[in-house]
Amino acid sequence: QGALQIFLLWRRFSDLPPAPDRIMKKILRVFLLALCLGSFVLPSAGQQTAVYHDVELQYKTGLDLFNKQKYGAAQKEFEASLKMDGLSMATIDNSAFYRAWCAALLYHAEAEYLFLEYLDQFPESPNRQRAQLELARYFYQQKKYKKSIEWFERSNPNALTGDDYSEYYFKTGYAYYKTNEYDKASQAFSKIIDVHSKYNSAANYYYAHIAYLNGQYETALKS
């Protein structure tokens, strides 16, 4: 718009009869001033366009919603992100990972498919370990203990700390217990019976119970 006004101004004065040099100099200064002002306006418009076309907007919005535990809304944003052109591979990777994670946290049936698809498409992703752990948790919540064990065993507990570490060994142990694999269950529970966490009491109970079933009465009484 600023360039158009400058052009119309020039046409207006170019149609007038020749003016004295003093007047022409004033006209030239006005023209140059208008041209400079126009040059400051144009970059601002370009900057607004760049913000409007931010290809990672849906991904960033999805992360914000995920951190606020609004998983349904977040999943929709990650799905929209995956349809955008021009995304970096890291953003595509993260969008696919968080889409699957949202589905698992919402206990949607599609979670298994989305995680398996993700693990197949991004075999070298830094999110891979977390994806396997979250898939194991999803199966555990669905009481599909054999599938849960499969994915717990693929996860790396040494990369976990705090409650995540204790949760891993308790849920792995309980899944073994529910599938009658008592020796493996006992080994898992033994990892956390002396670790202070919200799983400590339950781990000690099942560890003692298995010891009792195996005739290890002294061990059972100590736990």
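**Close-up views of a predicted, all-helical model**

**View 1. Leu82, in the loop that links helix H4 (71-81) to H5.** A quick word before going further: this is a predicted model. Leu82 has a relative accessibility of 27%, so it falls in the partly exposed class. Setting aside anything within four places in sequence, its contacts are Ile92, Ser95, Ala96 and Arg99. Take Ser95 from that set: Leu82 and Ser95 sit 13 residues apart along the chain, and their C-alpha atoms are 6.5 Å apart. Helix H5 covers residues 89-105, and it turns up again in the core view below.

**View 2. The whole chain, for orientation.** Zoom out for a moment and the secondary structure is 12 helices and 0 strands. Followed along the sequence, the pattern reads α-α-α-α-α-α-α-α-α-α-α-α. The protein chain has 223 residues, and 36% of them are buried. Count the contacts between residues at least 6 apart in sequence, and 46% of those join residues at least 24 apart. As for the outside, the chain exposes about 14,400 Å², with carbon and sulfur atoms supplying 55% of that area.

**View 3. The largest nonpolar core, with its best-connected members.** How many residues does this core hold, and which of them touch the most other members? There are 49 residues, and the ones touching the most others are Phe66, Phe115, Phe170, Tyr174 and Phe189. Helix H5 (residues 89-105) is the top contributor here, giving 8 residues. Phe189 is worth a closer look: beyond four places in sequence, it touches Phe170, Gly173, Tyr174, Ala203, Tyr206, Tyr207 and Ile210. Among those partners are Phe170 and Tyr174, the pair in the next view.

**View 4. A stacked aromatic pair, Phe170 and Tyr174.** The whole structure contains 27 aromatic pairs. In this one, the ring centres of Phe170 and Tyr174 are 6.1 Å apart and the planes meet at 20°, which makes the pair stacked. Why are these two separated by about one helical turn? Because they are 4 residues apart in helix H9. Both rings belong to buried residues: Phe170 is at 10% relative accessibility, and Tyr174 is at 16%. Ring pairs also tie them into a cluster with Tyr140, Tyr145, Tyr177, Tyr182, Phe189, Tyr199, Tyr205 and Tyr206.

**View 5. Thr172, another residue of helix H9.** Is Thr172 buried or exposed? Its relative accessible area is 6%, so it counts as buried. Outside its own stretch of four places either way, Thr172 is in contact with Phe152 and Ala188.

**View 6. Ala203, in helix H11.** With a relative accessible area of 0%, Ala203 is buried. It touches Phe170, Phe189, Ile192 and Ile193, once residues up to four places away are left out. The contact with Phe189 shows up from the other side too, since Ala203 is on the list of residues that Phe189 touches. Ala203 also makes a handy reference point for Ser166: the two are 37 residues apart in sequence, with their C-alpha atoms 9.3 Å apart in space.

**View 7. Two loop residues with positive phi, Tyr107 and Asn180.** As background, most residues other than glycine have a negative phi. Tyr107 has a phi near 60°, and it is located in the loop between H5 and helix H6 (111-121). At 48% relative accessible area, Tyr107 is partly exposed, because the exposed class asks for over 50%. Asn180 has a phi near 65°, and it sits in the loop between helix H9 (162-178) and helix H10 (182-190). Asn180 has a relative accessible area of 53%, so it makes the exposed class.

**View 8. A nonpolar surface patch built from Tyr212, Leu213 and Tyr217.** Together the three residues present about 360 Å² of accessible area. Tyr212 belongs to helix H11, which spans residues 200-213. Is Tyr212 buried or exposed? Its relative accessibility is 51%, so it counts as exposed. Compare Ala203, which is in helix H11 as well but is buried at 0%.

Conventions: Residues numbered from 1 in each chain as written. Predicted model: local features only at pLDDT ≥ 70, side-chain atom pairs only at ≥ 80, totals over all residues. Heavy atoms only, no water. Core = buried A, V, L, I, M, F, W, Y, C linked by side-chain atoms within 4.5 Å. Buried < 20%, exposed > 50% of the residue type's maximum accessible area, 1.4 Å probe, protein only. Contact = heavy atoms within 4.5 Å. Patch = residues over 30% accessible without salt bridge, like charges linked within 9 Å, V, L, I, M, F, W, Y side chains within 5 Å. Areas by Shrake-Rupley, 256 points an atom, 1.4 Å probe, with all protein chains shown as cover. Salt bridge = Lys/Arg side-chain N within 4 Å of Asp/Glu carboxyl O. Phe/Tyr/Trp six-rings, centres within 6.5 Å; stacked < 30°, edge-to-face > 60°.
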